[in-house]
Structures are given as structure tokens and as C-alpha cells.
Amino acid sequence: MEVRSENIQVRFDKFPAPVIPRTRLQVWFIRVCSSILLWTCLVQLVAVGELWHPKIFPNLSNRINWFNNAPRQVDLVIHSPPPLVAPRNYTSNGFLIVSCNGGLNQMRAAICDMVTIARLLNLTLVVPELDKRSFWADPSNFEDIFDVRHFIDSLRDEVRIIKRLPKKFSRKYGYKPFEMPPVSWSNEKYYLQQILPLFSKHKVLHFNRTDARLANNGIPLILQKLRCRVNFQGLKFTPQIEALGYKLVHILQERGPFVALHLRYEMDMLAFSGCTHGCTMEEAEELKHLRYAYPWWREKEIVSEERRSQGLCPLTPEEAALVLQASGFDENTQIYIAAGEIYGGEKRLATLRAAFPRIVKKEMLLDPAELQSFQNHSSQMAALDFIVSTASNTFIPTYDGNMAKVVEGHRRYLGFKKSVLLDRRKIVELVDMHQNGTLSWNEFSVALQVAHEKRLGQPIRRKVIPDKPKEEDYFYANPQECLCEGTNCDDLLGQSNSTELE
């Protein structure tokens, strides 16, 4: 029902209000109430604006949320934003849509690759779509995890990035982009010779898979450096994620040095890899059913013990405890578990916790209310673990998945911070020999430490294996092109002939 306000005309000037003398207390009280009312209206206005359109008040709402979530012990210094770089002036050859697949860190690497490809081909990139159909079923969009405005502005001198396609190219208006997955591990020649010509016929291309679509090696230096720039500078987490992540770091650092243990003993990894060592028969059957439930996990029949002996399984919590003890970490070591839910829960962590009582997880350090908005958003949870792992005194991944590799690369970039890169094949051999009585504890400990003397995240060149990109060193684990300049690279990384695998 519509109410027309002009039909209701009340002349308040006919009823003048009585004049009451005001005391100083009354004046003060009115001013305080007015201030509270104004601030309440402002906050409500921002909230309504965020509901209607999240980008109406991006800077204001981000600053308010950051202030509310920031550690109170830290002095807040407000810096003016850096001036925007001038946009690169070029004629775009078309629009590139990308749908990232996988977990947070696989998508992060893919985003860096896609920006680089868009720059190479003089394309306009649409802000990447994140995976919502994988095992984790995380509904987060790009702007829920990364600072989208910073992403666009900080890279504008390299590539034009837009939030959405022009209407005439939108699916809502019946336009169907050309959809394809680019060939994995491709170099720039593939994109220049095979992909670029497609834009003469199709103004919009949609890459529906993005994992490992750019080679590790043999890429021009300028493109390798752009991959680094996107990774280390262009991709910032949202202020809300950064504030909570740095709060975790602050809490841990107040308690002393800490190890970030990326304990990848989680249901999805065990099902995918087929690793069931230490599991009950019922658990092994559950993991097998899960593997068959996801068609994109191609390997189905897997012999777990063969996998384990080849070093292709994540360490169990019990194996991780032995490795930490043999590496010289004592019971007073503070250990942060950088992982989701451990398969088997607290029962499976019992041995590790008995050896290291100061084990903590983010759920133990933060109030449940602080993590409430992160629940059922695995990528946002992983972002918190990423921040803590990058800041830790020592980082130890028990499996060399995407998070392990990307964090390793960040720690190299930050000054070659200590990362213990476990040789799981050797560890399994040593653990089995110790447990069957072949090796004493001292022999086991010495052998394990010797095996990892050169696996601590020191400067080293990537190993290149021609025609076997899956087996060579991953670019994002060791972005050597971005870790040194000019003539000092040989001094820092060693001679270039060390890149070949013997």
C-alpha cells in the first residue's frame, strides 16, 4: 500500500513548543546522544550498503572491520594509500575468463599464471572465478579471500583486469564464450601460436581449468618476474583475513618461537593418494569409497604400502612425532598444526601430543566467535594457516602438496627462512628400520639429520627434468629468478649446470 506523505500535512508551527531553560548537564547529554545517534546511523548505512552492494563502501567498511579485528596490543598507524601506477596503454585482443580449480594454493599459483598469460597476449582479464565444486565445496568468491581492488590496481601497469564482462558478452544476454582447458606445462610459444589466433574468431575465451598450465622453466625472464610480482605483491588477503592471521602470529610469538607443522593427514589427501597406513579396515574402506565418488581423481586402485615405500604418502601423526624428535625438537617446542581436520581426530593426534604437549591449533587460540564467519570456508581457513606458516620460525610440511610448495617459495622470498623439506621415501625407510630394531634411536636420529642437511630451504637452483615437468622442481616452490639479481645469482644459487637432475 502506497502512502502519499503530501496528503498528511501537520503544521507544527501552530503549536510552538514551550521554551525550557537548559542546564549545562542537559546540553552535554544532548550532544553525547546526538554523537551516538550519528555513529549508529553511519554503521547501519554501511551495513545496508554492504548487503545491497558489497562494493558501495569498500574502503570504509574494510577499515572498520580491520580496526575491530586488529590486535589491541599493536599500535595502529594509518598510512595513506600509495599512489596508483599509471595504467598500461594497449589495445586488448579480447577477454579472458578463468575458472580456477583445486584448493587455495593451487588456485593462487594458477591466478599468477593467468595474469602472466593475459599480459603476454595483450588480453583483458576478468577477475578469476574460484573453485566451488571440489571436495571442499567452499562457496567463497575471489573478493572473499583476496583484496580485489588491490589486485586490480597494483597490476594495472601490466594488464587490464575487470570485475565482470561487458553486458554484450555476458551469458545472461545469450553470449557463449569459447571454452577450453589450455595444455598443461605449456611455454609462451604455445600461447602465442595456438591460443592468440583464437581471439580473431572469439572475443571471449574461457579457460575452464587452470592448474599447472604454464611451464616451470624455459619461460622469458620478464614473464617469470611477473609471476612473482602477482604472487608476492598483487595477491593480498582481505583485511579481515590478514587481521585474524596476524593476531594468531602475535599470540604464538608472545609464547616464544614456534614450528608450523603442515600435517596433511586429512581425509581428502588420504583418499586421493590411497594412503591408509595406520588406518583401520573400516577407515581404509571409507577412504576408498570417497576416492571412487570423485571422478576427477583418476587413480582408483592403489596399493597403499607401495605408495608409502615410494615416499608418495603424507606422514602419519606418529611418523611426524618421530621425525620431530629425531630432528632435535624437544617436548617444550611450540607447534602450530597448520591443517584442517585431522583424519581420526584427537585420537589420532594422541602420540604426537604426548611427545609435544605444546601443540596448538587456531581453534585453540581464537574465540569461536572470531572463526564463526570462516566455518565451511576451507580456503579462508587455509589463508589463516598460510599467514602463520609463512611467519613461523620453522616450517615443516609432511606432504609436498600445493600449500607446502607455495609457502616454501614465500619463505625463500622472505630471506630463505628455514623450511624442512622432508625426504619421505628416506624417512619411511629409516622409520621402518628403527621400529623393527635394525636401527637404534641414535643411529636413526643421526641418519635422519644427515639426510636433511641440504633440505632446509637454502638457496639452490631448481632441478630441471626435460619432458617430465611433474617430476622437476616447481616454480612457485623456488622462484629463483626473483631471489637474486644479475651476477650474484651464481654466488647465491650455485652454478647453472646444477639445474640438471643427475
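Among contacts in the protein between residues at least 6 apart in sequence, what percentage join residues at least 24 apart? In this predicted model, the share is 76%.

**Figure 1. Overview of the predicted protein model.** The protein comprises 21 helices and nine strands. Of its 502 residues, 46% are buried. Contacts that join residues at least 24 apart in sequence account for 76% of those between residues at least 6 apart.

**Figure 2. Close-up of the packing of helix H3 against helix H7.** Helix H3 spans residues 104-120 and helix H7 spans residues 221-234. Their axes lie 9 Å apart and form an angle of about 135°. An angle of that kind falls outside the ranges for roughly parallel, roughly antiparallel and roughly perpendicular pairs, and H3 and H7 are therefore oblique to each other. The crossing of H3 past H7 is right-handed. On the H3 side, the contact is formed by Arg 108, Cys 112, Asp 113, Val 115, Thr 116, Arg 119 and Leu 120. H7 contributes Leu 223, Leu 226, Arg 227, Val 230 and Asn 231. By residue class, the contact of H3 with H7 contains six nonpolar, two polar and four charged residues.

**Figure 3. Close-up of the loop residue Asn 122.** Asn 122 is placed in the loop between H3 and strand E2, the latter covering residues 124-126. The phi angle of Asn 122 is near 55°, a positive value in a residue other than glycine. With a relative accessible area of 24%, Asn 122 is partly exposed, since that class begins where the buried class, under 20%, ends.

**Figure 4. Close-up of the surroundings of Thr 398.** Thr 398 occupies the loop between strand E9 (394-397) and helix H18 (402-413). Its relative accessible area is 0%, so Thr 398 is buried. A polar atom of the Thr 398 side chain lies 3.0 Å from the backbone oxygen of His 262. When neighbours within four places in sequence are left aside, the residues in contact with Thr 398 are Leu 261, His 262, Leu 263, Arg 264, Cys 313, Pro 314, Leu 315, Ala 320, Leu 422 and Arg 424.

**Figure 5. Close-up of the loop residue Asn 376.** Asn 376 is found in the loop that lies between helix H16 (368-371) and helix H17 (378-391). Although Asn 376 is not a glycine, its phi is positive, at about 65°. The relative accessibility of Asn 376 is 68%, and the residue therefore counts as exposed.

Definitions and conventions:
Residues are numbered from 1 along each chain as its sequence is written. This is a predicted model: local features need pLDDT of at least 70, side-chain atom pairs count only at pLDDT 80 or more; totals for chains, interfaces and linings use all residues. Side-chain values use heavy atoms; hydrogens and water are left out. Axes are lines fitted to C-alpha atoms, for helices over the stretch in contact, and angles run from 0 to 180 degrees between N-to-C directions. Helices (H or I, at least four residues) and strands (E, at least two) are DSSP runs, numbered from the N terminus. Angles under 35 degrees count as roughly parallel, over 145 as roughly antiparallel, 65 to 115 as roughly perpendicular and the rest as oblique. A crossing is left-handed if the near helix is turned anticlockwise from the far one by less than a right angle, and right-handed if clockwise. Contact means heavy atoms within 4.5 Å. Ala, Val, Leu, Ile, Met, Phe, Trp, Tyr, Cys and Pro count as nonpolar, Asp, Glu, Lys and Arg as charged, and the others, Gly among them, as polar. Buried means under 20% relative accessible area, exposed over 50%, partly exposed in between (1.4 Å probe, protein chains only). A polar contact is a pair of N or O atoms within 3.5 Å; within protein, one must be able to donate a hydrogen and the other to accept it, and residues adjacent in sequence count only if both atoms are side-chain atoms.
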